[in-house]
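User: I'm new to this structure and would like a close look at a single part of it. Could you pick out a loop residue with something unusual about its backbone, tell me how covered it is, and then walk me outward from there?

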Amino acid sequence: MRVLPLLLVLLAGCGEVWNNPYPAADRGGNILYSVFADRPKHLDPAQSYTSDEAIFTRQVYEPPLQYHYLKRPYELIPLTAAEVPRPRLVEKGGSTYSIYEIRIKPGIRYQPHPAFVSENQNLREKAIERLNSPYDLPLGTRELTADDYVYQIKRLAHPQLHTPIFGLMSEYIVGLKEYAERLKDAVRPGQWLDLREHALEGVTRVDAHTYRVMLKGRYPQFAYWLAMPFFAPMPWEAEKFFHQPGMAEKNFTLDWWPVGTGPFMLSQNDPNARMVLERNPNFRGEAYPSAGEAGDAARGLLADAGKTMPFVDKAVYTREKEAIPLWNKFLQGYYDLSGISSDNFDQAVRISLEGDAALTPEMETRGIRLDTTIAPTIYYLGANWLDPVVGGSMGGAAAERARKLRQALAIAVDWEEYLSIFANGRGVPSYSPLAPGIFGFREGAEAINPVTHEWKDGKARRRPLEAARKLLAEAGYPEGRDAGTGQPLVLYLDTTSRGPGDKAVIDWWRKQFAKLSVQFEPRQTDWNRFQEKLRKGSTQLFIVGWSADYPDPENFMFLLHGPQSRAKNQGENASNYLNPEFDALFERMRNMPNSRERQQVIDRMIEIFRHDAPWIGGFHPKNFALFHSWLGNAKVNEISGNGLKYLRVAPAGRDAARREWNQPVIWPTLLLLLVLVLSAVPAFLGYRRRERMSARPAP
Amino acid sequence: MFAYVVRRVLYAVPILIGVNLITFALFFVVNTPDDMARMQLGARRVTPEAVEKWKAERGYDLPLVWNAAAQGTGKATRTIFFQKSVRLFVFDFGYSEDKRDIAAEIKARMWPSLALALPVFLVGLAVCISFALLMAFFRATYLDFWGVVLCVAMMSISTLFYIIGGQYVASKVWHLVPISGYAGGLDAAKFLALPVLIGVISGIGASSRWYRTLFLEEMGKDYVRTARAKGLAESVVLFRHVLKNALIPILTGVVVVIPLLFLGSLLSESFFGIPGLGSYTIDAIQAQDFAVVRSMVFIGSVLYIAGLILTDISYTLVDPRIRLE
């Protein structure tokens, strides 16, 4: 018993912390530490689409374009391309085609990978079985060529891959749909399908560093897709390498071991615990941006201007499924950056009376920095256009009544209150489908929805409930009752909120409808049934969200485009909204460059949207990110996702902070042990007494 | 005994088929193959064609349990149930819906689960038996009274509270161990210290109280009085006689859980970031990954049956009067 306290004291004297979750060998390393919550499903650029996967894919794969790290609004700039391609319009057979000719920079090389060593293309199954990682094999590299980009675009049509954007791209890339049909006949079970042997009409190699993509009609948004991993290069050798028998049984697939030209390569893939990205030794180097938006220089974001990236040698991502350990490890200095969950919000942030967010003294003492940004995302309360009460498809007077009902509800549902209660104020109410920062979004008094808000004293204020009640009466429901039948108006919200913790939200919704004396019935269901109802168009009111793929108004407005109806065509228009004028304007707007004329078209679309009110308000979430003082160049970029190369860490400062914040406190443990020992004493004495006791008392 | 074991193993086959059928029914009552496809393909830009393609690739385009369009035995075999279930009986688990080899995953995740569950089991058993013997020894004294009060208090507290409280005190306030995470080899010790401690403490209340009752029951028997009458020390009476005879009911509850240790702890693994089979199962349920769910339920059933057989065998070891026929 005497050894343990002594050991504890000795260990405490070492000055090192005990709760460091990382190996001692990594101490002082130029390593970034972060987290991931959900195990990525796909790391193959043809299949990967979620933000959990983008953490890794965007650092490894290099599409031709990227977004400027610092500038806002978001701006496309070249990555591997020599310049941002401009489409050339050609007329052929009475149809218009857009031709994108993309020139890539010469001299770019792939990360070291066994696929580039020819001997590794014919491995025996026994040899594969013995491997712990594909990187156990001899590694090679080669130069990036235009053929690799062509190969990847062909992969979008591969019958054995599930490319989320195949449907969309097959509408534009010439011959892609027919190509997929041809590949279905060409594919043989268990055999590698060499796409080089199958030409794709709309995608051709011009020379070793140039390729050409031919699109049907105009599609200016294609440039944004060129900044996503779907259009990153794929060497055929990698596909062939991972297709060898025995690879899949070892979980060695392209879906798990990405091969790219980016600044980092995935060196450890354990999606259950840890993913590690290491500096790609073959990376060509890229200069840190020398310009940003106003204020970036003052925040130190231009201090590394012109310096060669990446700055960190390694990034370790640990899987954290629970918020409590994640938050505490961030506070202990074991993660370099973090978001803020609702549970920890009050500990991290205080909101001033003016509504400004600032760090609490506890965070400031630790040197933590806060960065907030409004996400290019919208959550909205949608009304099903096909519903006979709140929809608009019935036409005539009934549609007009429903329109006024929706407008009345849009005034009554207080999204500002919702954000304040349930999101700690992290969001702004939406006045149109467009998120702030997207072209077409207007600021200040011009931004507000005049149906629901008015501009007073330099601020948007929600219209009084009287306005809503008036609209409700005009809709034929005075005091929340049908003027014809006298029956109370009952509205149904389909929601996936059904746990005990969701009761407060449901009660809040009930309160919003009660303001207009409208009865509210939540139809709580699971995610699958909810999605099924949306697909069948059998909802009445529902809440869904959308995060933009790219920063263009088309990527928000299409959520209201009639042909995109979820119920009719399984599209993204969940409310099944249909307005021919809106649709015609959308068709015009989607092909226009950002200009005053485009702004005018967008203004008119928003005007129609506000008049029809297919969405009964919503909000754009505001993301809060926290950075430790030793993390440099950190700025939230909601669109690009390839921000790792810009980040810089100061390991010495981090180690000092960890030591200061995590000194073990051992006296309570010693005290506990002492209490345990002391509590055993009466028991021991009692035992001794009982053992010595004679059966009969001494005379 | 061999014949008995063989018979029990044969009995297990219909049980496993039944378990498989129930798992299948429960899963597909909640999730249709379409739901599974949409969950795997993501919520964005999913076309009906992509859903059909996903289902066809994985055999979910077949009827669930009866294929009226097929001929002969194909009516039963050309179904999702048959195609997905029959391979389990030769322990061929196939691939998860995201195309990871399930057997490889289980092999990798089994060790972290065991690394947590085995110490919790062994240390917990030793602590609980010792504590129960202590209370039994001091029965009807203040030590016994407060021991029982402590047990009732400890068993009334949620495991989640122990976990969060333990993380707060040991990791956040005292900085003694990492709050979560895992590493292989000897490095695992610092990550496992807290979850093992919490696992042991959270189990003390219920187990100790139950063992105490068993010991007290034994201590009231004639052979104990005889042992005392012949002058044996109380410790000898307790450890050599009472403990041995109280082992049969203890074994009933203990041996059956030994094989299940492989399956890990759903809660602890999630909160402590231990990449074991418990968190694997939870992830699979959340992702509607039927391939993994049915494999884990099947393994759980097999291990449970193995545990019951082991329990029966262990009876013969601790009680010579018992014969398995």
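Analyst: Let's start with A:Ser517, which has a relative accessibility of 38% and so counts as partly exposed; buried would need under 20%, and exposed over 50%. Keep in mind that this is a predicted model. You'll find A:Ser517 in the loop between helix 15 (503-514) and strand 22 (519-524) of chain A. What's odd about the backbone here is the phi of A:Ser517: about 60°, a positive value, although the residue is not a glycine.

A:Gln570 is another non-glycine with a positive phi of about 60°. The loop holding A:Gln570 runs between helix 18 (566-569) and helix 19 (580-590) of chain A. For a glycine with a positive phi, look just after helix 14 of chain A, where A:Gly476 has a phi near 95°.

While we're on backbones, chain A also has cis peptide bonds to look at. One joins A:Arg72 and A:Pro73, with omega about 0°, and A:Pro73 sits in the loop between strand 2 (65-67) and strand 3 (76-78) of chain A. Another runs from A:Met309 to A:Pro310, again cis with omega near 0°. A:Pro310 belongs to the loop between strand 11 (308-309) and strand 12 (314-319) of chain A.

Now back to helix 14 of chain A, residues 465-474, where A:Ala468, A:Leu471 and A:Leu472 are buried. Looking down the axis of helix 14 of chain A, you'd see these buried residues fall within an arc of 100°, so they line one face of the helix. Flip to the other side of helix 14 and you meet A:Glu466 and A:Lys470, both exposed. Part of the cover over the buried residues of helix 14 comes from helix 12 (396-412) of chain A.

Helix 6 of chain A (residues 176-186) can be read in a similar way: A:Leu176, A:Tyr179, A:Ala180 and A:Leu183 are its buried residues. They also fall within an arc of 100° seen down the axis of helix 6 of chain A, so they line one face of that helix. Their cover includes helix 4 (146-155) and helix 5 (166-172) of chain A.

Further along chain A, there's a nonpolar patch out on the surface, of about 820 Å². Among the residues that make it are A:Trp667, A:Leu671, A:Phe684 and A:Leu685. A:Leu685 lies in helix 22 (residues 667-692) of chain A, and with a relative accessible area of 49% A:Leu685 is partly exposed.

Next come the charged pairs. Over all chains, the structure holds 65 salt bridges. One of them pairs the side chains of A:Glu101 and A:Arg212, at 2.7 Å from N to O. That pair links distant parts of the chain, with A:Glu101 in strand 5 (residues 95-103) and A:Arg212 in strand 7 (residues 210-216) of chain A, 111 residues apart. A:Glu101 is partly exposed at 33% relative accessible area, and A:Arg212 is partly exposed too, at 29%.

A pair in chain B sits within one helix: B:Lys55 and B:Glu52 are both in helix 3 (residues 48-58), 3 residues apart, about one turn of the helix. Their side chains meet in a salt bridge of 3.3 Å, N to O. B:Lys55 is buried, with a relative accessible area of 9%, whereas B:Glu52 is partly exposed at 43%.

Finally, how do the two chains meet? Chain A puts 64 residues into the contact and chain B puts in 59. Between them they bury about 5100 Å², 47% of it on carbon and sulfur atoms. On the chain B side, B:Arg44, B:Arg45 and B:Arg100 lose the most area to chain A, together 17% of what that side buries. There are 6 salt bridges between the chains. A:Arg39 and B:Asp98 form a salt bridge across the two chains, at 3.9 Å from N to O.

One more residue to visit is B:Tyr95, in the loop between helix 5 (80-85) and helix 6 (102-137) of chain B. B:Tyr95 touches residues of both chains, including A:Ala248, A:Glu249, B:Arg100 and B:Ala291. Its relative accessibility is 33%, so B:Tyr95 counts as partly exposed.

Notes:
Residues are numbered from 1 along each chain as its sequence is written. Chains are lettered from A and ligands numbered from 1 in the order in which they are written. This is a predicted model: local features need pLDDT of at least 70, side-chain atom pairs count only at pLDDT 80 or more; totals for chains, interfaces and linings use all residues. Side-chain values use heavy atoms; hydrogens and water are left out. Patches are made of residues with over 30% relative accessible area and no salt bridge: like charges are joined within 9 Å, nonpolar side chains (Val, Leu, Ile, Met, Phe, Trp, Tyr) within 5 Å. Accessible areas come from the Shrake-Rupley method with a 1.4 Å probe; for residues, only the protein chains shown count as cover. A salt bridge is a side-chain nitrogen of Lys or Arg within 4 Å of a carboxyl oxygen of Asp or Glu. Helices (H or I, at least four residues) and strands (E, at least two) are DSSP runs, numbered from the N terminus. Buried means under 20% relative accessible area, exposed over 50%, partly exposed in between (1.4 Å probe, protein chains only). The arc is that of the directions from the helix axis to the C-beta atoms. Contact means heavy atoms within 4.5 Å. Buried area is the accessible area (1.4 Å probe) that two parts lose on being put together, summed over both. Lists of a residue's contacts leave out its neighbours within four places in sequence.
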